[in-house]
Amino acid sequence: MPKTVYKTKQQDLLFNYITTMKGSHFTAEDVRIHFEERNISIGIATIYRQLEKLVSEGKIQKYFIDEHSAACFEYDGENCNAESEHFHLKCEQCGKLIHLECEELSELGGHLKNEHGFTLNPLRTVFYGICKDCASSTKNTVCKTES
(Lines give C-alpha, C1' and ligand atoms only; values in the text may rest on other atoms or scores of the structure.)
Protein backbone atom coordinates (compact mmCIF):
# COMPACT_ATOMS: atom_id res chain seq x y z
CA MET A 1 0.00 0.00 0.00
CA PRO A 2 1.50 3.41 -0.96
CA LYS A 3 2.36 5.83 1.81
CA THR A 4 -0.17 8.62 2.24
CA VAL A 5 1.25 12.03 1.44
CA TYR A 6 -0.25 14.84 3.43
CA LYS A 7 0.49 18.51 3.75
CA THR A 8 0.21 20.48 6.94
CA LYS A 9 -0.17 24.18 7.58
CA GLN A 10 3.35 24.14 9.05
CA GLN A 11 4.77 22.63 5.86
CA ASP A 12 3.07 25.33 3.80
CA LEU A 13 4.31 28.11 6.10
CA LEU A 14 7.84 26.72 6.03
CA PHE A 15 8.01 26.33 2.25
CA ASN A 16 6.44 29.74 1.66
CA TYR A 17 9.07 31.33 3.91
CA ILE A 18 11.89 29.43 2.18
CA THR A 19 10.75 30.69 -1.23
CA THR A 20 11.21 34.25 0.05
CA MET A 21 14.83 33.35 0.83
CA LYS A 22 15.62 32.45 -2.78
CA GLY A 23 19.35 32.59 -3.40
CA SER A 24 20.17 33.11 0.30
CA HIS A 25 21.70 30.64 2.71
CA PHE A 26 19.87 29.86 5.94
CA THR A 27 20.06 27.43 8.82
CA ALA A 28 17.30 25.57 10.65
CA GLU A 29 17.91 27.98 13.53
CA ASP A 30 17.34 30.97 11.21
CA VAL A 31 13.98 29.45 10.25
CA ARG A 32 13.07 28.80 13.89
CA ILE A 33 13.87 32.40 14.84
CA HIS A 34 11.82 33.73 11.92
CA PHE A 35 8.71 31.89 13.08
CA GLU A 36 9.34 32.57 16.76
CA GLU A 37 9.50 36.32 16.07
CA ARG A 38 6.06 36.04 14.47
CA ASN A 39 4.63 33.96 17.35
CA ILE A 40 4.17 30.95 15.06
CA SER A 41 4.81 27.69 16.86
CA ILE A 42 6.91 25.29 14.79
CA GLY A 43 9.28 23.06 16.73
CA ILE A 44 12.92 22.76 15.72
CA ALA A 45 12.51 19.01 15.16
CA THR A 46 9.69 19.69 12.69
CA ILE A 47 11.83 22.29 10.94
CA TYR A 48 14.76 19.88 10.59
CA ARG A 49 12.46 17.09 9.40
CA GLN A 50 10.81 19.31 6.78
CA LEU A 51 14.13 20.75 5.57
CA GLU A 52 15.52 17.23 5.13
CA LYS A 53 12.35 16.25 3.25
CA LEU A 54 12.77 19.23 0.92
CA VAL A 55 16.41 18.25 0.35
CA SER A 56 15.42 14.69 -0.53
CA GLU A 57 12.74 16.02 -2.91
CA GLY A 58 15.37 18.19 -4.62
CA LYS A 59 13.61 21.45 -3.71
CA ILE A 60 16.45 22.87 -1.62
CA GLN A 61 20.17 22.23 -1.34
CA LYS A 62 22.05 21.41 1.85
CA TYR A 63 25.64 22.46 2.53
CA PHE A 64 28.15 21.65 5.23
CA ILE A 65 30.57 24.54 5.23
CA ASP A 66 32.87 23.32 7.99
CA GLU A 67 32.81 21.12 11.08
CA HIS A 68 32.11 24.11 13.34
CA SER A 69 29.07 25.46 11.48
CA ALA A 70 25.50 24.23 11.33
CA ALA A 71 24.33 22.83 8.01
CA CYS A 72 22.91 25.53 5.82
CA PHE A 73 20.29 25.32 3.15
CA GLU A 74 19.45 27.22 -0.01
CA TYR A 75 16.35 27.52 -2.16
CA ASP A 76 17.22 28.48 -5.71
CA GLY A 77 13.84 28.30 -7.42
CA GLU A 78 11.64 25.49 -8.59
CA ASN A 79 14.41 23.88 -10.63
CA CYS A 80 16.90 23.58 -7.81
CA ASN A 81 19.85 21.64 -9.17
CA ALA A 82 22.16 20.11 -6.59
CA GLU A 83 24.67 19.39 -9.35
CA SER A 84 25.26 23.03 -10.28
CA GLU A 85 28.87 24.06 -9.83
CA HIS A 86 29.37 26.92 -7.44
CA PHE A 87 31.59 27.87 -4.56
CA HIS A 88 31.11 29.73 -1.31
CA LEU A 89 32.85 32.65 0.35
CA LYS A 90 32.64 32.88 4.14
CA CYS A 91 33.40 36.08 6.01
CA GLU A 92 35.61 35.40 9.01
CA GLN A 93 34.27 38.47 10.81
CA CYS A 94 30.47 38.41 10.42
CA GLY A 95 30.03 34.79 9.29
CA LYS A 96 28.13 35.77 6.13
CA LEU A 97 28.06 33.02 3.51
CA ILE A 98 28.13 34.17 -0.09
CA HIS A 99 27.06 31.95 -3.01
CA LEU A 100 29.55 32.32 -5.86
CA GLU A 101 29.29 31.19 -9.45
CA CYS A 102 32.39 32.33 -11.24
CA GLU A 103 33.81 30.93 -14.47
CA GLU A 104 37.38 31.56 -13.36
CA LEU A 105 36.89 29.26 -10.39
CA SER A 106 35.56 26.55 -12.70
CA GLU A 107 38.82 26.94 -14.62
CA LEU A 108 40.66 26.38 -11.33
CA GLY A 109 38.79 23.08 -10.95
CA GLY A 110 39.85 22.12 -14.47
CA HIS A 111 43.47 22.99 -13.71
CA LEU A 112 43.46 20.94 -10.51
CA LYS A 113 42.05 17.93 -12.36
CA ASN A 114 44.29 18.17 -15.44
CA GLU A 115 47.56 19.15 -13.78
CA HIS A 116 47.26 17.49 -10.39
CA GLY A 117 44.77 14.63 -10.88
CA PHE A 118 42.52 16.15 -8.18
CA THR A 119 38.78 16.53 -8.60
CA LEU A 120 37.46 19.50 -6.68
CA ASN A 121 34.02 19.24 -5.07
CA PRO A 122 32.54 22.71 -5.69
CA LEU A 123 29.61 22.08 -3.35
CA ARG A 124 32.05 21.75 -0.45
CA THR A 125 34.59 24.37 -1.45
CA VAL A 126 34.70 27.45 0.75
CA PHE A 127 37.06 30.39 0.52
CA TYR A 128 37.56 32.28 3.79
CA GLY A 129 38.27 35.99 4.05
CA ILE A 130 36.59 39.31 4.82
CA CYS A 131 33.43 40.47 3.02
CA LYS A 132 33.22 43.97 1.55
CA ASP A 133 30.87 45.18 4.31
CA CYS A 134 33.26 44.13 7.08
CA ALA A 135 36.26 45.40 5.13
CA SER A 136 34.68 48.84 4.73
CA SER A 137 33.60 49.00 8.40
CA THR A 138 37.12 47.96 9.45
CA LYS A 139 38.58 50.76 7.33
CA ASN A 140 36.19 53.24 8.97
CA THR A 141 37.18 52.01 12.45
CA VAL A 142 40.89 52.20 11.64
CA CYS A 143 40.51 55.72 10.22
CA LYS A 144 38.61 56.91 13.30
CA THR A 145 41.11 55.51 15.79
CA GLU A 146 44.09 56.87 13.89
CA SER A 147 42.68 60.42 13.86
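1. Burial and overall make-up. Of the 147 residues of the protein chain, 30% count as buried. The model under discussion is a predicted one. The protein chain holds five helices and six strands, and from the N terminus on its elements follow the order α-β-α-α-β-β-β-β-α-β-α. Among contacts between residues at least 6 apart in sequence, 55% join residues at least 24 apart.

2. The packing of H1 and H3. Two packed helices are described by the angle between their axes and the distance between the axes. For helix H1 (residues 9-20) and helix H3 (residues 44-56), the axes come within 11 Å and cross at roughly 65 degrees. The crossing of H1 with H3 is right-handed. On the H1 side, the contact is made by Gln-10, Gln-11, Leu-14, Phe-15 and Ile-18; on the H3 side, the residues are Thr-46, Ile-47, Gln-50, Leu-51, Lys-53 and Leu-54. Sorted by class, this contact of H1 with H3 comprises six nonpolar, four polar and one charged residues.

3. Gln-11 within that contact. Gln-11 is located in helix H1. Is Gln-11 buried or exposed? Its relative accessibility is 10%, and because the cut-off for burial is under 20%, Gln-11 counts as buried. The side chain of Gln-11 also makes a polar contact, at 3.0 Å, with the side chain of Gln-50. Both Gln-11 of H1 and Gln-50 of H3 appear among the residues through which the two helices meet.

4. The sheet of E1, E3 and E2. Three strands form an open sheet in the order E1-E3-E2, and their pairing is antiparallel. Strand E1 (25-26) and strand E2 (61-63) stand at the edges with a single partner strand each, so one side of each has no neighbour in the sheet. E1 pairs with strand E3 (residues 72-74) in the antiparallel sense, over two bridges. Within this pairing, His-25 stands opposite Glu-74 in E3. Helix H3 packs on the sheet and touches E1, E2 and E3; the direction of H3 makes about 50 degrees with that of E3. H3 thus has two sets of partners to inspect: the strands of this sheet and the residues of H1.

5. The sheet of E5, E4 and E6. A second group to examine is an open sheet of three strands in the order E5-E4-E6, with mixed pairing. The edge strands here are strand E5 (97-100) and strand E6 (126-129), each of which pairs on one side only. Direction ignored, neighbouring strands of this sheet are turned by 25 degrees against each other on average.

6. The two pairings of E4. Strand E4 (residues 87-91) pairs with E5 in the antiparallel sense over four bridges, while E4 and E6 pair in the parallel sense, also over four bridges. On the E5 side, Lys-90 has Leu-97 as its bridge partner. On the E6 side, the bridge partner of Cys-91 is Gly-129. The hairpin of E4 and E5 has five residues between the strands, and Gly-95 there takes a positive phi near 85 degrees.

7. Burial of E4 and the His-88 contact. E4 is mostly covered, with four of its five residues buried. His-88 has its place in strand E4 and, at 0% relative accessibility, counts as buried. Which side chain does His-88 join in a polar contact of 3.0 Å? The partner is the side chain of His-25, the residue that stands opposite Glu-74 in E3.

8. Leu-120. This residue lies in the loop between helix H4 (103-116) and E6. With a relative accessible area of 22%, Leu-120 is partly exposed. Leaving aside neighbours within four places in sequence, Leu-120 is in contact with Phe-87, Gly-109, Leu-112 and Thr-125. The C-alpha atoms of Leu-120 and Gly-110, which are ten residues apart along the chain, are separated by 8.6 Å.

9. Backbone at Asn-39. Most residues other than glycine have a negative phi. Asn-39, a residue other than glycine, has a positive phi, near 55 degrees. Asn-39 is found in the loop between helix H2 (28-37) and H3, and with a relative accessible area of 74% Asn-39 is exposed.

Definitions and conventions
Residues are numbered from 1 along each chain as its sequence is written. This is a predicted model: local features need pLDDT of at least 70, side-chain atom pairs count only at pLDDT 80 or more; totals for chains, interfaces and linings use all residues. Side-chain values use heavy atoms; hydrogens and water are left out. Axes are lines fitted to C-alpha atoms, for helices over the stretch in contact, and angles run from 0 to 180 degrees between N-to-C directions. A crossing is left-handed if the near helix is turned anticlockwise from the far one by less than a right angle, and right-handed if clockwise. Contact means heavy atoms within 4.5 Å. Ala, Val, Leu, Ile, Met, Phe, Trp, Tyr, Cys and Pro count as nonpolar, Asp, Glu, Lys and Arg as charged, and the others, Gly among them, as polar. Two strands pair if DSSP finds at least two bridges between them. Buried means under 20% relative accessible area, exposed over 50%, partly exposed in between (1.4 Å probe, protein chains only). A polar contact is a pair of N or O atoms within 3.5 Å; within protein, one must be able to donate a hydrogen and the other to accept it, and residues adjacent in sequence count only if both atoms are side-chain atoms.
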